[in-house]
Every structure is written in C-alpha cells, then in structure tokens.
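Dear colleague,

Here is the structure we spoke about, with the sequence alongside. Could you look through it before reading the notes below?

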Amino acid sequence: MNETNSNEWRNKMHARNGRELKNGDKVVQLSTSGDAKVLHLGVLFDAVPGNDYCNGSIAAIQNPVNMACLCDCLHLDDVAAMLKEKGLDKRPAGK
C-alpha cells in the first residue's frame with residue numbers, strides 16, 4: 001500500500017471485513033473474544049475517521065418484541081460459524 005492509499009485508509013472508518021463505515025450505517029458489533037457473538041445491533045453515530053477501535057456509539061434500533069417468522073431466522077451460533085468460516089471471528093490487528 002503506497003502512502004496515498006494508506007492516508008485514504010486512515011481517513012475512513014472500517015468494519016471488521018474492511019468495508020467502509022459511515023455514521024448512520026446500520027451495524028452489528030461482534031465480540032472481541034474471537035467467538036463471533038453479536039453484542040449490539042443498531043445505527044452507528046459519533047464515530048470519527050482515523051480510528052477503528054473504541055470509536056463511536058451504536059443506537060439500538062430493535063423493538064423489544066418482534067414477530068418471528070422462523071423460516072427467516074438463523075440461530076446465532078450458525079451466524080457465528082459462518083463468520084468464522086470467512087475468517088471474521090477474529091478482530092483485526094491494530095494499525
């Protein structure tokens with residue numbers, strides 16, 4: 001990565017899979033322990049480019065009770081297994 005690309009990377013915010021994030025995006029926060037458990041689901045806000053660690057907040061968007069169509073649900077352990085298969089169960093190293 002050349003210096004220009006490195007600066008562009010630092011001036012943006014990135015999810016665990018490298019996708020650029022912006023305030024207002026809907027996000028899922030995974031645990032840091034490597035078990036790919038979902039900790040929070042919501043809208044990202046107050047995040048500042050240049051730091052992908054301990055940056056911003058998540059506003060919950062989920063209703064306390066929702067109708068469940070089981071044919072549209074996945075068990076959380078299965079989601080964690082899919083994340084692990086893609087190598088997204090581990091937190092990236094600091095930059």
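Asp89 counts as buried, at 5% relative accessibility, where buried means under 20% relative accessible area, exposed over 50%, and partly exposed in between (1.4 Å probe, protein chains only). Its salt-bridge partner is Lys90, with the closest N and O atoms 3.2 Å apart, and Lys90 is exposed, with a relative accessible area of 52%. A salt bridge here is a side-chain nitrogen of Lys or Arg within 4 Å of a carboxyl oxygen of Asp or Glu, and by this rule the count comes to three.

Please bear in mind that this is a predicted model, in which local features need pLDDT of at least 70 and side-chain atom pairs count only at pLDDT 80 or more, while totals for chains, interfaces and linings use all residues. Residues are numbered from 1 along each chain as its sequence is written, and side-chain values use heavy atoms, with hydrogens and water left out.

Shared partners join Lys12, Glu20 and Lys22 into one network of salt bridges. Within that network, Glu20 meets Lys12 at 4.0 Å, N to O, and Glu20 also meets Lys22 at 3.8 Å, N to O. Lys12 is partly exposed, with a relative accessible area of 35%, as is Glu20 at 31%, and Lys22 likewise counts as partly exposed at 49%.

Elsewhere in the notes, Val28 lies in strand S3, residues 26–30 (strands being DSSP runs of E, at least two residues, numbered from the N terminus), and Val28 is partly exposed, with a relative accessible area of 48%.

Best wishes

Conventions: Helices (H or I, at least four residues) and strands (E, at least two) are DSSP runs, numbered from the N terminus.
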